[in-house]
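Open the model in your viewer and keep the sequence panel beside it. The tour below goes from one selection to the next and says what is found at each stop.

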Amino acid sequence: MTSTTMDTGKSYHKQATGAAFETVQQHATDQDITLFAGCFCPFVQRVWVGLEYLEIPYKVYEVDPYKKPQELLELSPKGLVPALRLNGYVPPRALNESTVILEYLEDLASTSTKRSLLPPLSDPYARALVRLQSDHANRTLVPAFYRYLQAQDPDAQIAGGKEFLDAVETLVGLFERADVEVGGTGLWKEGGELGLADILVGPWLFRATNVLKHYRGLELPRGPKFDGWLNRLFQHPAFKCTCSTEELYLDSYERYAFNRPNTSQVANAINAGRGLP
Ligand SMILES: N[C@@H](CCC(=O)N[C@@H](CS)C(=O)NCC(=O)O)C(=O)O
């Protein structure tokens with residue numbers, strides 16, 4: 001699970017491709033919500049999948065998060081995507097942080113489209129289990145992805161691969177616990193629906209199957225249950241329509257795979273041993 005490919009100097013893409021490109025085209029007209037997006041960004045993909053699944057009208061506006069336009073800085077203090085501009089307010093208001101935005105969208109949907117990413121309010125314990133899965137995704141699985149991808153030394157790559165796979169295994173353990181205790185949550189449950197934890201981890205597991213596979217030779221665990229879940233997740237219309245073609249991800253993540261200096265705020269935080277921005 002280590003890599004030997006060469007840095008070919010590729011840069012990140014600035015425009016979605018494939019299914020995601022078509023979705024951008026379909027969401028080009030003004031709405032109450034404008035999603036400031038970057039095509040390769042997994043944090044953006046979380047929010048994008050949430051908007052699609054919750055059936056909330058939105059416009060996508062693709063920006064270059066590394067050459068931050070003033071409009072983005074007005075919405076997001078660190079100039080990070082995703083950010084929402086809420087055009088229904090005068091003057092418009094803003095939200096940033098993928099997890100906070102998803103909670104906002106969930107609340108918004110509860111009084112509009114009536115769709116939800118969580119078990120019903122009548123089952124607080126099941127909702128708490130989903131939040132445990134989500135907490136694990138945010139604090140352990142996502143940072144492990146970047147530590148693994150940015151590791152250059154072979155020993156560090158082996159340790160990074162183990163850390164990432166351990167995080168996946170722990171996630172599976174949390175899903176299994178929900179099976180036993182509340183009859184399952186999200187798409188892990190056969191016949192279940194897309195849920196918050198699926199959305200929070202999906203973008204990184206997707207990038208594990210292309211970026212980590214290509215640059216680190218990673219193979220995700222196999223088995224009927226795990227394969228079934230990943231398949232339901234990646235084929236879910238709300239997820240699939242936010243995915244670009246593989247080339248976009250491989251090109252965009254070369255910077256991370258070779259740990260080029262100043263790749264991003266996320267990469268710098270990983271290199272400095274700090275929490276993610
Ligand atoms: N905690 C933020 C992280 C967002 C983030 O790091 N976005 C990256 C793109 S994947 C970004 O905007 N980077 C710009 C930069 O590094 O300056 C969230 O969950 O929304």
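Start by selecting α2 (42-54) and α12 (265-272), since each of these helices supplies at least two residues of the shell around the ligand. The model is a predicted one.

Next, colour domain 1 (18-111) and domain 2 (124-272) separately. Both domains give residues to the shell around the ligand, so the ligand lies between them. If you display pockets, look for the ligand in the largest pocket.

Now select the residues around the ligand. There are 15 of them, and those that come nearest are Cys41, Lys68, Ser98, Gln265 and Pro277. Colour the shell by residue class: 10 of its residues are nonpolar, 3 are polar and 2 are charged.

Which side chains place an N or O atom beside an oxygen or nitrogen atom of the ligand? Show three of them as sticks.

- Lys68: an N or O atom of this side chain is 2.6 Å from an oxygen atom of the ligand.
- Glu97: a polar atom of the side chain is 2.9 Å from a nitrogen atom of the ligand.
- Ser98: here a polar side-chain atom and an oxygen atom of the ligand lie 2.6 Å apart.

With the surface switched on, consider how much of the ligand is covered: on its own the ligand exposes 520 Å², and the protein buries 94% of that area.

Stay at Glu97 and turn to the backbone. Glu97 is in the loop between β4 (93-96) and α4 (98-111). Its phi is near 75 degrees, a positive value in a residue that is not glycine. So the stop at Glu97 shows two things: a side-chain contact to the ligand and a positive phi.

Then move to Glu55, in the loop between α2 and β2 (59-62). Glu55 is another residue other than glycine with a positive phi, in this case near 60 degrees.

The last stops are two peptide bonds that precede prolines. Select Val81 and Pro82, which are joined by a cis peptide bond with omega of about 5 degrees. Pro82 belongs to the loop between α3 (70-75) and β3 (83-86). Then select Val90 and Pro91: the peptide bond from Val90 to Pro91 is also cis, and its omega is near -10 degrees. Pro91 is in the loop that runs between β3 and β4.

Notes. Residues numbered from 1 in each chain as written. Predicted model: local features only at pLDDT ≥ 70, side-chain atom pairs only at ≥ 80, totals over all residues. Heavy atoms only, no water. Near = heavy atom within 4 Å. Polar contact = N/O pair within 3.5 Å; in protein donor to acceptor, adjacent residues only side chain to side chain. Areas by Shrake-Rupley, 256 points an atom, 1.4 Å probe, with all protein chains shown as cover. 1 Å grid on protein atoms, 1.4 Å probe; cavity = no way out; pocket = protein on both sides within 12 Å on 5 of 7 lines; lining within 4 Å. Sits in = over half its atoms within 2 Å of the grid points. Helix = DSSP H or I, 4+ residues; strand = E, 2+ residues; numbered from the N terminus. Nonpolar A, V, L, I, M, F, W, Y, C, P; charged D, E, K, R; others polar. Domains from an automatic or database assignment.
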